[in-house]
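Subject: Structure handover, salt bridges and one helix pair

Hello,

Here is the structure for your files. Please open it alongside this note.

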Amino acid sequence: MTRRSWIELVVLSALWGAVYPLITVALRDLPPTLVVLGRVLLAALLLLPLAIRRDALRPVWRNPRAIIETVLVQSTAPLLLLTYGQQYVSASVAGILVGAQPLFVALLALRFAPDERPQGWRGLTGITLGLAGLVMLFGVDLRGGRTALLGGMLILAAALCYAAGAMMIHRRYAEAPPLGVATSAMLVTTAAVVVPASVTAPIRLPGVDATAALLVLGIVCTGATLALFYALITRVGPARAALAFYLSPAFAVAFGVIFLREQISVAAILGLGAIVVGSVLAAHHSEPTPQRTKEADAEHGDTGHESDSELGDAG
């Protein structure tokens, strides 16, 4: 990759890592549903003009039911679960838990995507290591009682939804414009949470810190990062662009410690390392040789290749 691509990758990772401290600040004055609504509405307003100009929505909405189902799993549910969970869990721990998303993709592939299953000893080692990292977090850093445990479970459920949604997008929208999928996710989620958010809206206006956090969260850390992510996919490919998933939890921990003065334990650092390394190993796939590819195509009667696209949201 070029120097520019590496810089953009680090910036993307940092912005995704900043999501969790920003949610923590926004939650000081706003209920979770309103935080989610503000985030996705602002992102939709940023992405929609780009999607319309590039005619990226039409291929996605040929089957409205399919895209709505996919978005509810990949975007709406995890955003709500994550934001509710962060009421009881630090931003650092939230970032680490969501970082387990690639691990859940590997686990789900064992049942639902045979071609994406973890391979050999690397895959088995990766899953074992990642699960060990989660055990460290739940056994040590979530000892704050039932509320902390509940928050951790909600965030872990969000990571699972992200993983399931990513697989649905891979199967249903591998050839659809990624910008169209991302914009649709923001639009559908906005429609889904607008009523609950309006019901739970606070009587008094939020403070300056919470308002600024929500604006940055929606415009920069959601809308702009999605646009940057897809630009990176186009320039360097989905596999390299996905490196941001593995780097963002480290930024979440750093930002939580620096700006929110959160305490991070040795167990959390070890858990973070185990989850990241485990996810990388579990997601590793060896590239098929040209001869193997031709044989597989002949066996299944395939004459073409399917392009991949990913929808990434680190939070």
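Below are the salt bridges, then one helix packing.

First, the ground rules. This is a predicted model, where local features need pLDDT of at least 70, side-chain atom pairs count only at pLDDT 80 or more, and totals for chains, interfaces and linings use all residues. Residues are numbered from 1 along each chain as its sequence is written, and side-chain values use heavy atoms, with hydrogens and water left out.

**Salt bridges**

Side chains of opposite charge can pair when their charged atoms come close. The search covered the whole structure and found 4 salt bridges (a side-chain nitrogen of Lys or Arg within 4 Å of a carboxyl oxygen of Asp or Glu).

One of them joins E8 to R4, at 3.1 Å from N to O. Both residues sit in helix α1 (residues 3-26), 4 residues apart, so about one helical turn separates them. Helices here are DSSP runs (H or I, at least four residues), numbered from the N terminus. E8 is buried, at 15% relative accessibility. R4 is exposed, at 52%. The classes are: buried under 20% relative accessible area, exposed over 50%, partly exposed in between (1.4 Å probe, protein chains only).

D55 pairs with R58, at 3.4 Å from N to O. D55 is partly exposed, at 38% relative accessibility. R58 is exposed, at 58%.

R65 bridges to E69, with the closest N and O atoms 3.0 Å apart. Both are in helix α3 (residues 64-85), 4 residues apart, about one turn of the helix. R65 is exposed, at 64% relative accessibility. E69 is partly exposed, at 31%. This pair belongs to a network: salt bridges link R65, E69 and R172.

**Helices α3 and α7**

Two packed helices are described by the angle between their axes and the distance between the axes. α3 packs with helix α7 (residues 146-172) at about 160°, and their axes are 8 Å apart. Axes are lines fitted to C-alpha atoms, for helices over the stretch in contact; angles run from 0 to 180 degrees between N-to-C directions. The pair is therefore roughly antiparallel (an angle over 145 degrees).

What kinds of residues make up the contact of α3 with α7? The split is 18 nonpolar, 5 polar and 2 charged. Ala, Val, Leu, Ile, Met, Phe, Trp, Tyr, Cys and Pro count as nonpolar, Asp, Glu, Lys and Arg as charged, and the others, Gly among them, as polar.

Best wishes

Definitions and conventions
Helix = DSSP H or I, 4+ residues; strand = E, 2+ residues; numbered from the N terminus. Parallel < 35°, antiparallel > 145°, perpendicular 65-115°, else oblique.
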